[in-house]
Each structure stands twice: as structure tokens, then as C-alpha cells.
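Please look over the structure shown below before reading on. The report that follows takes up a helix, a sheet, the nonpolar cores and some charged pairs.

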Amino acid sequence: MAQPQEFLSDEQRLTLLGILKQRFEENDQRHEKMSWDNVLLKLDESPEKLVILRQMEETGGEPDVIGYEAETGMFLFCDCSKESPAGRRSLCYDRAALESRKKNKPESSAVDRATEIGIELLTEEQYKLLQTLGEFDLKTSSWLETPQEIRERGGAIFGDCRYGQVFIYHNGADSYYAARGFRGILKV
């Protein structure tokens, strides 16, 4: 994968900010009582985060603000695409799982791709929070940050929503499916 650029050009910045602002304004149920002006101030303080948000956008994540951490003063941007981001599917869970496959290896792993982009996989709690803000993964599923004790036994967890219910389930970490990707979170 090519080395990501350090900062966006003025044109790239304005285009991305326009997309993010429109999404923010159209989905206020995700961030009630938050102001775009405050988000913009944070983004202006951390232009390197715009590069990450652009990569989230380019891989189909449709990032949007889903929370604010008062203790750190940071906004939480999360992939809010209806289905697991299209540009981040068909991946096994992590590098160890990828290396353990003898044949039919996927291109990469969810953990490696998240690290390349600069985001973290959602935790189970973050995924459940996201699901209270809309309907996500009705046809796909998303790998989630897996507790070490599960990972040590060869498994990994994922989430989806079926029949109006959020499900957290498990699979072998080396498995991969065309309909399973991952969602990320970025603190700004």
C-alpha cells in the first residue's frame, strides 16, 4: 500500500470538510447537542486527522461524529456507512490469522488495514452504541476488537444486525467473507 500523504491540499481539505459537514447536518440524531463549528475547530487543530478521515471516506466508511469524550475533549468519528465499508471487506481478523492460512489467503487483515489507515476497530460497546444511532450492517457484518482470551483460542468477534436485533458472534480469526469488513473509530 502506498505511503499516505501527511496533509491534504487546500482543495482536498475543502472537499472533505464539505462532505463531513453535510453528513453531520443530515444526521443530527448521531450527535445531538453538538455543533459543527466545535468539530471544525478540532479538525483545524489536527490537520493530520483529515488525512485519516479522507482514507475512511475513500474506503467507503462515510465517517461521522457519534460522540464526544468530555474527559479528553475529543470527538469520536466512526464509519457510519449503512453496510460494512465496501473498500474494507474480505479480510481475516489479524496478521497472525492471515499467516496461519495455508491457501486462499485474503489480501490483508482487518487489524492491519485499520493500522494502515490510522483508526481502531470498534469495540463491542462502541458497536452497540453505533447501532442505537441508526440501522447498520443489515446485510453485512463487521469485525470488532476481540478480547485477548478469545483471540488466544483462535477466534475473533464480529457484529451485525438482523431481525431488528444486534448480534455479536464469533468466527475463526482466519475466516473471511465478501460481506464482512470492519468499521473504525477515530478520536479528534
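How many residues does α3 have, and what distance does α3 reach from its first C-alpha to its last? In this predicted model, α3 is made of 12 residues and reaches 17 Å between those two atoms, which is close to the 16 Å expected at 1.5 Å a residue. The helix covers residues 47-58 and lies across β1, β2 and β8, running at about 160 degrees to β8. After α3 comes G60, which has a positive phi, near 90 degrees.

**The sheet beside the helix**

The strands that α3 lies across belong to an open sheet of 4 strands, in which the pairing is antiparallel and the order is β1-β2-β8-β3. Since β1 (63-69) and β3 (120-121) each have a single partner strand, they stand at the edges, and so one side of each is left without a neighbour in the sheet. As a general matter, the strands of a sheet pair through backbone hydrogen bonds, either parallel or antiparallel. Here β2 and β8 pair in the antiparallel sense over 3 bridges, and in this pairing F77 stands opposite L186 in β8. Strand β8, which comprises residues 184-187, is also joined to β3 by 2 bridges, again running antiparallel, and the bridge partner that L121 has in β8 is G184. A further helix, α1 (residues 10-26), lies across β1 and β2 (74-79) and runs at about 65 degrees to β1.

**What α3 buries**

Which residues of α3 are buried? They are K49, L50, V51, I52, L53, Q55 and M56, and the elements against which the buried residues of this helix pack are α1, α2 (36-45), β1, β2, α5 (110-117) and β8. L53 gives a closer view of this packing: leaving aside neighbours within four places in sequence, L53 is in contact with L16, L20, L43, P63, F77 and L186.

On the α5 side, I117 is found in that helix and counts as buried at 3% relative accessibility. With neighbours within four places in sequence again left aside, the contacts of I117 are I52, Q55, M56, T59, R88 and F182. By contrast, I117 and I168, which are 51 residues apart along the chain, have C-alpha atoms separated by 24 Å.

**The nonpolar cores**

In soluble globular proteins, nonpolar side chains tend to be buried together. The largest nonpolar core of this model has 33 residues, and those that touch the most other members are L43, L53, F77 and F182. Two or more residues of this core come from each of α1, α2, α3, β2, α4 (95-100), α5 and β5 (155-162), and the largest share, 5 residues, comes from α3. There is also a second, separate core of 12 residues, which includes C78, L130, L133 and I185.

**Charged pairs**

Side chains of opposite charge can pair when their charged atoms come close. The count for this model comes to 15 salt bridges, and the table below gives some of them, with the distance between N and O atoms.

| Salt bridge | N to O distance |
|---|---|
| E57 and R23 | 2.8 Å |
| E124 and K128 | 3.1 Å |
| D160 and R162 | 3.7 Å |

Why does the pair of E57 and R23 tie together parts that are 34 residues apart in sequence? The reason is that E57 lies in helix α3 whereas R23 lies in helix α1. Of these two partners, E57 is partly exposed, with a relative accessible area of 22%, while R23 is buried, at 11%.

The pair of E124 and K128 is set within one helix, α6 (residues 124-131), where both residues lie 4 residues apart, about one turn of the helix. An α-helix has 3.6 residues a turn, so residues three or four places apart point the same way. Both partners of this salt bridge are partly exposed, E124 with a relative accessible area of 25% and K128 at 40% relative accessibility.

In the remaining pair of the table, D160 is buried, with a relative accessible area of 11%, whereas R162 is partly exposed, with a relative accessible area of 25%.

Notes. Residues numbered from 1 in each chain as written. Predicted model: local features only at pLDDT ≥ 70, side-chain atom pairs only at ≥ 80, totals over all residues. Heavy atoms only, no water. Pairing = 2+ DSSP bridges. Contact = heavy atoms within 4.5 Å. Axes fitted to C-alpha atoms, helices over the stretch in contact; angles between N-to-C directions. Expected span 1.5 Å × (residues − 1). Buried < 20%, exposed > 50% of the residue type's maximum accessible area, 1.4 Å probe, protein only. Core = buried A, V, L, I, M, F, W, Y, C linked by side-chain atoms within 4.5 Å. Salt bridge = Lys/Arg side-chain N within 4 Å of Asp/Glu carboxyl O.
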